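Please look through the structure below with its sequence at hand, and then follow the explanation of how some of its parts meet.

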Amino acid sequence: MIILTMKGVQQSFKFLALLVLVLFSGSIYANTSNENEGQVDTKKEVEDYILHHIQDSHDFSLFSYTNDEGERKHVGFPLPIVIWTSQGLVSFISSEFHHNDDGHVIVEKNGLKFAKIHGKIYELEANASSVNFDEEHHAVNAHKVLDFSITKSVVGVLLVGILMFFAFTSLAKQYKKKAIPTGFGRVLEPLVLYVRDEIARPNIGEKHYRKFTGYLLTVFFFIWVLNLLGLTPMGFNVTGQLAVTACLAIFTLIIYTVSGNKDYWTHILWMPGVPVLIRPVLAIIELAGALLIKPFSLLVRLFANISAGHIVVMSLIAIMFTLKESLGVAGATGLSLVLSFFITLIEVLVAFLQAYIFTMLSALFIGMAVAEHEHDHNTSGH
Amino acid sequence: MYNLIGAGLIVIGAGIGLGQIGGKAMEGIARQPEATGKIQTAMIIIAALLEGLAFGALFLGK
């Protein structure tokens, strides 16, 4: 019955697509009818798991399972907690919280009591023995502390930093002996040249690009490697942390603000070629653009793209559990495997694209700040 | 509820914008295939700027 022509193949594809659609619409009904009698709310559990993954955490948990006795077992390793409290610096290992995240486990150190609530460490008041909550689930007898812990994201940043340091110093050393690198350097060289010749040189200009290539290369490889690290099953989500992307955007902001030349600042503060009355208005807009909107768009773009990618991948993996009743175990697993495989391939592309865009826009902003205008403002209006 | 409607509106707007950028870039490449590289670079930059705006709006509306 199978006709091996292009048309036949296309038709069977259409049939498959229709089948998937029908199965999906059927599954919605199945889910709603089953929801009342099931003892475990799969949807809620999946949501919690995804949210937990997106956030930074104080321990490195690879996976967890429930054993035959009904006990929850966590596999992973703890990380050091370093906090600045009312009595100075305190540090201990995060395993003392026993994976508790709702403030029930109290850790005593130096006569102070600590609890962990939703990934944040709280210091209890002097005479309190347990955390009390008000109606909106805010802790009433505990307050947050300054947290300098080596969290999961910090581990990721350090790991990538050390990796990049060794990879690029060995690449740089090779050029002292010979012109062509060998080994892993051959992979890195075209990428370095790509950033220099396709991103830095055309956007910043022939005269100044050398000075900024180092920063652009660092940012490019840092973001790219961290994005790729986020796609491994280890559960890193470093470039999906607002703090990390904000820090990178602030670096770019400082660099183009400090290196801006006279032309750049005149164009911002006292725009030539427009009526004098409009100049202050333009100055406000330009200042807001240069100091707020540019870095904000840089940081939010990277954060949102990577976080959205992680949420999509994990939601597609979760199809395995949410559609188990309607598709059967094999069907749901197969569907989730196929979908998450292809979305992960797209995420590999996005990982490169976001690193490229961040570097490209940084180069563009720096280029705007150091560009030298040769035209005469008195004759040509802007 | 309202922020969901807002998110939908943002996505519609961003979708129209991205469609315009992509479509015009395609036309440009079709007319001048030798300028593909330059057009692609400009397209990605403008798409990134638009994306930043859309994400910023989504983020603020959350």
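The paragraphs that follow go from the meeting of two chains to a pair of helices within one chain.

This is a predicted model, in which local features need pLDDT of at least 70 and side-chain atom pairs count only at pLDDT 80 or more, while totals for chains, interfaces and linings use all residues. Residues are numbered from 1 along each chain as its sequence is written, and chains are lettered from A and ligands numbered from 1 in the order in which they are written.

Where chain B touches chain A, 10 residues of chain B are in contact with 9 residues of chain A, contact meaning that C-beta atoms, placed from the backbone, lie within 7 Å. On the chain B side these residues comprise 7 nonpolar, 2 polar and 1 charged.

Helix α8 of chain A (residues 279-322) and helix α2 of chain B (residues 36-61) have axes that come within 8 Å and cross at roughly 80 degrees, and they are therefore roughly perpendicular to each other (65 to 115 degrees). Among the residues that meet there are Phe296(A) and Arg301(A) from α8(A), and Leu49(B) and Phe59(B) from α2(B).

In chain B, the unreviewed UniProt entry lists residues 43-61 as "transmembrane region"; over residues 43-61 of chain B the chain is 100% helix and 0% strand, with the end C-alpha atoms 27 Å apart.

Within chain A, the axes of helix α4 (residues 185-204) and helix α5 (residues 209-231) come within 9 Å and cross at roughly 130 degrees. Their contact includes Val192(A) and Ile199(A) of α4(A) as well as Phe212(A) and Leu216(A) of α5(A).

Terms used
Contact = placed C-beta atoms within 7 Å. Nonpolar A, V, L, I, M, F, W, Y, C, P; charged D, E, K, R; others polar. Axes fitted to C-alpha atoms, helices over the stretch in contact; angles between N-to-C directions. Helix = DSSP H or I, 4+ residues; strand = E, 2+ residues; numbered from the N terminus. Parallel < 35°, antiparallel > 145°, perpendicular 65-115°, else oblique. UniProt positions renumbered as here; feature names shortened; annotations may be inferred.
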